[in-house]
Structure formats: structure tokens, C-alpha cells
Amino acid sequence: MLRFLASRLASSLLAAALSSLVVFALMRAVPGDIVAQMLGQSGDAAAASALRGFFGLDRPIHVQFAEWVGQVLQGDLGRSWYQGKRVSLLVAEAFLVTLEVALATLLLATLVGVPLGVLAGIMEGSRVDAAIQVFNLAGLSAPVFWVGLMLLVGASSILGWSPPFAYMPPSVDLADNIAILVLPVLSLAVLQAAAYSHFVRDCMTAELRREYVRAAIAKGLSPARVHFRHVLRNILIPLVTFMGLILIQILGGTVVIESLFSLPGLGRLILSGIQGRDYPVVQGALLFVVAIAIVVNLVVDLLYGLIDPRLRP
Amino acid sequence: MNARIAGWAGRLAGAAIAAMLATTALAQDAMLYGKSDPAAKSGGKLMVGSLTEPPALDPYHQGADARIRVTVLAYQGLFYEDASGQAVPLLAESYAMSADGLSYTFKLRRGVKFHTGQVMTAADVKYSYDYLRDSKNGSPGAGDLSTVDSIEAPDDHTVVFRLSRKNGLLPITLTHRYGGVIPKDYFATPDARTRLNEVSVGTGPFKLRQFRQNSVLVFEKFKDYWQAGLPHVDEVTFAFMPNSAAMVVAAQNRRIDLGIFTRPQDAEQLARVPGVRLVRTPSMNQKAIDLGSEHPALKDVRVRQAIALAVDKDAVMKASIAGYGQVIGTMVAGMQDRWGLPLAEVPNQKPDLDRARRLLAEAGHPNGLEIELTTIIGYDWMDAGAVTIADQLQRIGIKVNIRKIELGVWVRNFQSRQMGFTFNDWPSSPDPSLLFYRHFRAQPLGADFRNWNNARASELLDRGREESDYATRRGIYNEFQKIMAEEVPTIMMFSADLLTVERDRVRNHQQHPTGWYFGLVKAWLAE
């Protein structure tokens with residue numbers, strides 16, 4: 001187990017190092033920098049030169065990279081060039097918003113998608129199965145931003161209601177927090193529930209065709225017992241893997257929904273950082289995203305062992 | 001006896017002049033930030049929906065128009081740019097220019113406090129403008145003060161600006177675009193620049209309470225503000241909206257009290273919503289097509305003229321902003337009356353396809369040419385406009401390929417004078433010199449972004465900057481505009497109106513033509 005953890009940790013560190021190098025290089029390859037953004041159409045050569053010096057952009061790139069890596073190794077992601085706040089603080093604040101959206105979406109998508117998939121799998125070929133497949137197809141086809149926009153406009157024109165536009169943490173005002181999150185979570189959950197349902201249905205139908213299922217039914221076990229005690233248990237491993245993938249996908253995909261509903265989450269932080277060429281924010285936030293992906297994958301791997309002892313490292 | 005009568009008469013005349021000046025000053029004070037409303041009530045919280053978000057709140061180093069829009073509430077210059085583009089004394093109470101035009105003496109308003117609680121003195125004003133004009137500090141406003149040689153503070157209430165060359169537009173330069181008066185030595189402390197996102201240190205009617213990126217910006221009434229009774233509302237919150245659809249929904253459901261639409265036509269659907277009104281104001285912005293002379297085809301003035309003669313500005317405006325604006329010649333709509341060359345006198349304004357084809361043939365393109373037109377991602381009005389222009393130029397044999405690029409890339413191209421053939425959205429500048437000088441003055445004094453390098457135009461721009469007499473300046477800028485329209489380094493297309501949505505409870509909000517939020521100072525809430 002320890003050897004497994006050590007090997008995963010080493011490969012994770014390598015992935016993080018490579019990612020940071022790629023992000024650092026890509027940001028500098030994008031034309032324009034913060035100085036151009038700050039000066040806009042009033043570009044003054046002397047002022048531009050002074051600002052480049054202020055942000056350290058007049059130094060060779062390898063020196064800038066070495067300095068940043070040195071900071072990161074000491075646990076310091078630097079400070080936002082615009083906001084002046086620590087990048088770690090900005091990332092933590094934004095991540096809490098994104099995590100709240102992601103977990104609520106995951107919960108809702110799981111509660112809706114898994115039962116639908118199980119039902120469709122068990123009732124393969126029936127009208128119920130067809131209806132669920134229509135839902136899956138619609139959910140997977142509809143772009144998230146379109147669903148979000150329709151929900152926003154629909155809630156306004158039918159209910160005469162729209163969410164508040166100033167994000168409120170649950171610790172400050174839970175009611176406002178829920179009001180803000182309802183539509184973005186619904187928008188994301190439609191897609192993810194459809195994806196879940198589609199995946200679970202496929203797993204169920206494949207599993208139901210296996211020999212042991214026929215044998216169990218022939219031995220006189222009730223269909224419910226076979227479905228929920230044996231079949232469902234056997235699809236747990238791919239389901240957990242899928243759940244990890246979905247969580248990463250939600251975390252990565254919230255950028256659209258955060259922009260649509262004015263949520264100050266991680267996606268929007270990265271997007272505004274890229275637009276403003278706030279290098280420390282983009283580098284720090286993307287490094288964090290890479291770390292999250294690594295941790296989620298690690299947790300999924302460890303969960304395999306808990307579900308199926310044969311897979312324990 | 002005669003001497004005594006003369007003495008009395010002299011004293012009476014002096015008193016009358018003093019009274020007149022005081023009355024004028026009071027009248028000017030009353031007009032700061034727009035007209036006052038005698039029925040105004042104090043209190044309440046105002047929610048503003050905003051489609052633009054400032055990247056930071058530092059008025060010294062951050063040049064974005066989105067920043068200027070909001071920081072005018074917290075920071076003040078020596079002057080206020082009124083709706084007609086004239087400089088009205090603000091933190092300065094009065095001023096005098098020396099006979100040779102090389103020095104300005106400003107008498108400062110007394111009893112002005114900073115948000116920090118300190119009382120403003122001449123030393124603060126000297127520090128603020130010295131910091132701003134020093135290029136080493138990296139302010140986008142430094143170039144505007146390049147004619148200032150030194151600033152002196154002979155006493156606590158007087159500041160003297162000494163100039164190396166005459167500069168008739170100094171008062172309008174000391175308004176709100178960049179800088180503002182802040183406490184002496186403010187920038188000497190570490191992290192001072194970024195701390196401005198947490199605490200404001202100006203003298204404005206509102207002070208910063210909270211700025212949360214990608215979410216909200218909250219200003220609260222500054223209790224020690226020097227204009228008695230202002231501002232009327234206790235708090236202003238800017239909620240940053242991701243798009244027009246969200247703003248429409250927010251206005252329909254009374255989530256916001258006020259908001260400006262960047263594409264006026266997006267607000268149309270609110271026209272019949274009860275409890276909400278749409279207010280249309282001419283603006284000082286302008287939408288233009290720039291023609292950089294570094295482009296192989298555009299360096300020939302005949303090609304530029306041919307393009308100008310093929311473009312139907314009215315059709316482009318209708319496509320871009322559904323007609324919610326004014327077609328312009330060579331001056332933004334909000335300043336046309338005061339500074340614009342009369343439209344009938346502006347050359348190359350009406351489509352003349354035959355002449356355009358002849359000019360193209362003379363320039364060596366008898367079979368037309370192919371050119372790339374750049375638009376900016378996120379500037380939706382450009383998309384429909386670009387398609388319309390492509391269609392119009394096709395008629396004289398110019399094939400237009402439309403290319404969308406990201407704003408950061410566009411700004412880089414612009415600053416490095418590689419703009420080619422591009423749409424442009426000019427920010428507001430309330431004076432012709434501020435509008436034209438850096439853009440069109442040949443290097444090194446100007447930036448000449450379009451590589452125009454026109455000696456006569458540069459000479460006129462220098463003279464326009466030095467001159468302080470309005471009629472003479474107007475003559476200078478009229479001649480400049482004529483040359484510009486003839487040579488076509490840019491085609492000024494139209495000014496989009498500012499379409500503001502206001503809830504009924506919002507009273508006396510007067511939209512400033514710059515689009516900056518000056519109007520919130522005298523706005524009040526009826527509930």
C-alpha cells in the first residue's frame with residue numbers, strides 16, 4: 001500500500017511539475033500582457049517600460065519561471081497583480097464556491113441519474129426505457145449554457161423570479177445562497193444526470209446478460225434481490241470511476257455556468273485571470289486544479305480497494 | 001470730493017464683482033455632478049447592474065474605462081468634466097492662468113477631507129500630480145501632463161503648475177480619467193497600489209466598502225464629504241452581470257435599480273415592463289474603423305479614401321446597434337456642437353462608389369484587393385457591423401475577410417502600431433486634444449498608432465493643446481478634422497447612445513455622456 005502511495009505521489013508530482021511548466025509557457029506565449037491591458041489605448045512607452053519593470057516582466061523568462069517555482073516550493077502561489085491578494089486565498093475563496101456547486105450538482109445528478117439508469121436497464125426495451133433514453137439524449141445534447149439561459153428566462157417569465165446576482169456564502173445568508181445556486185445546479189445537473197443514467201443503463205444491461213444473473217434467477221432468487229444485491233454491486237466499480245470523472249468534469253465545466261450566473265468560482269477566476277493576463281492567478285489556480293484532479297483520481301483508486309478487496313494495491 | 005466718490009465707486013464695483021464671482025462659483029458648485037433636485041430625500045441602497053467589471057480600482061495605474069466608470073465616485077480631480085465637456089472647478093475653487101500661459105495658479109477648496117479622515121492640503125495635490133506625471137511610476141495619464149515642468153505649493157490652499165509649453169487644456173486634464181487627489185506619500189507604503197482594491201483614499205462622495213472580483217463592488221456614503229447633503233443614497237452596489245440577457249431578467253424582476261446596456265438594442269424588451277423606464281443619452285464614445293498605414297495596401301491614401309467612400313455609416317450603425325445612436329463625421333456625438341466640424345463640410349462622408357473605384361484603380365488595384373478586417377471577441381456590435389462593411393466594400397471589388405481576435409491581442413497590436421484594418425471602440429475623452437493628440441500626433445510626442453505621420457496634423461494638434469481661447473481652438477480642431485477626413489487614418493462611424501434602464505423609484509439620475517457614474521451622486525430613491 002505504501003509503495004503504491006509513494007509511486008502515485010511521485011507520478012503526481014511529475015504531472016504537477018510538467019503542468020506548471022506548460023501553463024507558464026502558454027501564458028507567456030499568448031500575445032499581450034498586463035501592461036498592455038492596464039494602459040489600453042493610452043499606451044505610453046515610458047509608462048509601459050516602468051510597469052514592465054514593476055511586474056518583473058523585463059527579466060528573462062527562465063528567471064521568472066525559476067522565481068515562481070521557488071515560491072511555489074515554499075507554499076507561496078504569489079499575489080494577484082490586480083487584486084494584490086494572495087493567490088492561495090483567491091483560489092480558496094473561489095474553490096469553495098465551485099465546490100459547493102459541484103457537490104450539489106453531483107448529489108442531484110446521482111439521485112436522479114442512477115435510479116433512472118437502473119430502471120432503464122431493468123426495463124430494457126420498454127416504454128419507460130424509451131422515455132428515459134429520450135431524457136438522456138436531450139440532456140447530453142443540450143449545451144449547458146443554453147439550459148442555463150432557458151432556466152433563467154423561464155423562471156423570470158413564468159415565475160416572475162430571478163436569482164440574486166451578488167453571491168452570498170451559506171454562512172452569511174443560507175436562503176440567499178440557495179436562491180443563487182438553484183438554477184446553476186439545475187443547469188449542470190441535467191447534463192450530468194443524463195450522463196449518469198446513460199452510463200448506468202449500459203452497465204446494467206451488460207451485467208444482466210451475464211451467466212451468473214441467469215443462474216441466480218434459475219436458483220429462485222427474486223429479481224429485486226438479483227438486481228440490487230448482485231448486479232448493482234457489480235457495477236459499483238465503474239460507477240465510482242465514472243463519479244470521479246463526473247466530479248472533475250463538473251469542476252472543469254463550471255466556468256460556463258459561473259459566467260452565466262455571476263458566480264465567483266474557480267472557472268471565472270481563471271477566465272478573468274487569462275483575460276487580464278494576471279499570470280500569478282492563472283498559474284496558481286491551474287496548478288490547484290491539477291492537484292485536485294490528481295487527488296480525486298487517487299481517491300477513486302483507493303476506493304476500488306474498499307469496494308473490491310481483490311483490487312487492493 | 002470727486003476722489004471720495006471715485007473711491008466709493010471703486011469699492012462698490014469691487015464688491016459687486018466679488019459678489020458676482022461668488023454667485024457664479026455657487027452656481028457652478030450647484031451644477032457639479034448635474035442638476036440638484038430640491039425634492040431629493042436621503043437614504044436607501046441602490047443596486048446597479050453592470051456589464052463591465054473593473055479589473056482593479058487603482059485610478060493611477062489602471063487605464064480601463066470600466067475602472068474610470070466607478071472610481072469617479074471615490075476620487076476627485078481639481079476639476080469636473082461637465083456634460084458638455086467643459087472643466088468646472090471641483091477640488092480647485094478657482095484658478096488663474098499667467099499672461100504668458102506658462103503657469104496656472106489654483107486656489108483649493110477648504111474643508112475637504114480624504115476617506116482616511118485627513119484634511120486635504122496643497123501638499124497632497126502637489127504629491128498626487130507629481131506622482132501621476134512621472135513616467136517612472138507607470139501611469140497611463142503621465143503623457144497628458146508632459147508639458148508640466150514643476151508643481152509648487154506656496155501655502156496650504158494654493159498650488160502652482162509651471163509649464164514648459166503652453167497648455168490650454170490643463171484644467172480638463174486635471175479631471176477624473178487618471179489619478180485624483182490622494183494623501184501625500186500614499187504610494188510610498190508597500191502594496192499601496194493593490195490596497196486601493198480594499199480601501200479608497202480619495203475625497204469623493206462615496207468610499208469603498210467591498211470589492212469582490214467577479215461578483216460585486218459596494219460603495220457607501222462618505223459621511224464627511226465636503227458637498228453638504230450629498231450623496232443622497234447611503235450605499236451603491238454594482239453587481240457584475242455576465243451578459244445582457246441576465247441584465248434584462250434582473251431589471252424585469254427588480255433585482256437592479258439601474259443599469260447601462262452596452263448594446264442599446266438589448267434593452268428594447270424592457271420598454272413595456274411596468275415600473276421601469278428606458279433613458280437614452282447621447283454619448284462621448286465612438287465606434288470607428290482604423291486604417292493603419294503600416295498595412296501594404298492602406299499606406300496609399302487613395303485606398304483609404306476609396307474605403308471611406310464605399311462605407312455607408314448609417315447602414316453599419318443600423319446593423320450594429322439597431323439605430324440607437326448618431327452617425328458622426330469626425331467628432332463624437334456628445335461633443336459635436338462644441339467641437340465638431342459641421343457635417344456638411346466634412347469630406348468623404350457620403351458613399352460614392354464610382355469615385356471609390358477610380359481611386360482604387362489609380363492606386364494600382366483595378367481588379368480590387370483582398371483585406372482582413374479585425375473585430376474583437378466580446379464586442380458584439382462589431383460582428384454585424386463587420387458583415388455589413390464586407391458587403392459594402394465588395395461593391396468596389398474589395399474582398400473582406402473578417403478575423404475575430406481576443407482583446408489582449410488587439411491591444412498589443414494597437415500599441416505596437418500594427419493595427420491594420422480594424423474596428424475600434426474608443427473610450428470617452430471629454431476634450432478634442434485628449435481625444436486626438438496621442439492617437440494622431442507623430443512620434444515622439446504622440447503615439448501615432450496608425451502610422452499616419454502627418455506633419456500638418458501634428459502641428460495643429462500641438463497648437464490646439466497650447467491654445468486656451470475657445471474660438472481659436474475650435475478653428476484649429478476644425479482644420480485638423482478636415483485633414484483627417486481627407487486623409488482617412490480612421491473612419492469615425494457613429495456614437496452609440498447610452499441606454500439606461502431605471503426603476504421608477506430612482507429619481508434625478510442624470511446619465512453623464514462619458515458613461516461614467518457621476519449621475520449617482522445626485523440620484524435619490526423615492527422609497
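**Reading a core, an interface and a pocket**

Leaving aside neighbours within four places in sequence, L266(A) touches V91(A), A94(A), F95(A), T98(A), E258(A), A285(A), F288(A) and V289(A) in this predicted model.

Q: How should I read such a set of contacts, and which residues have the most contacts inside the largest nonpolar core?

A: Start with the general idea: in soluble globular proteins, nonpolar side chains tend to be buried together. Here the largest nonpolar core holds 77 residues, and L263(A), L266(A), L269(A) and M241(B) have the most contacts inside it. Another core, of 70 residues, lies apart from it and includes L46(B), L208(B), F222(B) and L258(B).

Q: Now the interface: how much area do chain B and chain A bury between them?

A: The size of an interface is often given as the accessible area lost when the parts come together. For chain B and chain A that is about 3900 Å², with 51% of it on carbon and sulfur atoms. Chain A brings 47 residues to the contact and chain B brings 53. On the chain B side, R212(B), N214(B) and R255(B) supply 16% of the area buried against chain A, more than any other three residues.

Q: And the second largest pocket: what lines it?

A: With a pocket, look at volume, then lining. The second largest pocket has a volume of about 690 Å³. Of its 33 lining residues, F54(A), F55(A), R79(A), S80(A) and W81(A) are the closest to its centre. The lining divides into 14 nonpolar, 12 polar and 7 charged residues.

Q: Which helix gives the largest share of that lining?

A: That is α4(A), with 4 residues. Chain B takes part too, since α5 (192-195) of chain B supplies at least two lining residues.

Note on methods:
Residues numbered from 1 in each chain as written. Chains lettered and ligands numbered in written order. Predicted model: local features only at pLDDT ≥ 70, side-chain atom pairs only at ≥ 80, totals over all residues. Heavy atoms only, no water. Core = buried A, V, L, I, M, F, W, Y, C linked by side-chain atoms within 4.5 Å. Buried < 20%, exposed > 50% of the residue type's maximum accessible area, 1.4 Å probe, protein only. Contact = heavy atoms within 4.5 Å. 1 Å grid on protein atoms, 1.4 Å probe; cavity = no way out; pocket = protein on both sides within 12 Å on 5 of 7 lines; lining within 4 Å. Points joined across faces, edges and corners; volume = space filled by probe spheres on them. Nonpolar A, V, L, I, M, F, W, Y, C, P; charged D, E, K, R; others polar. Buried area = accessible area lost by both parts, 1.4 Å probe.
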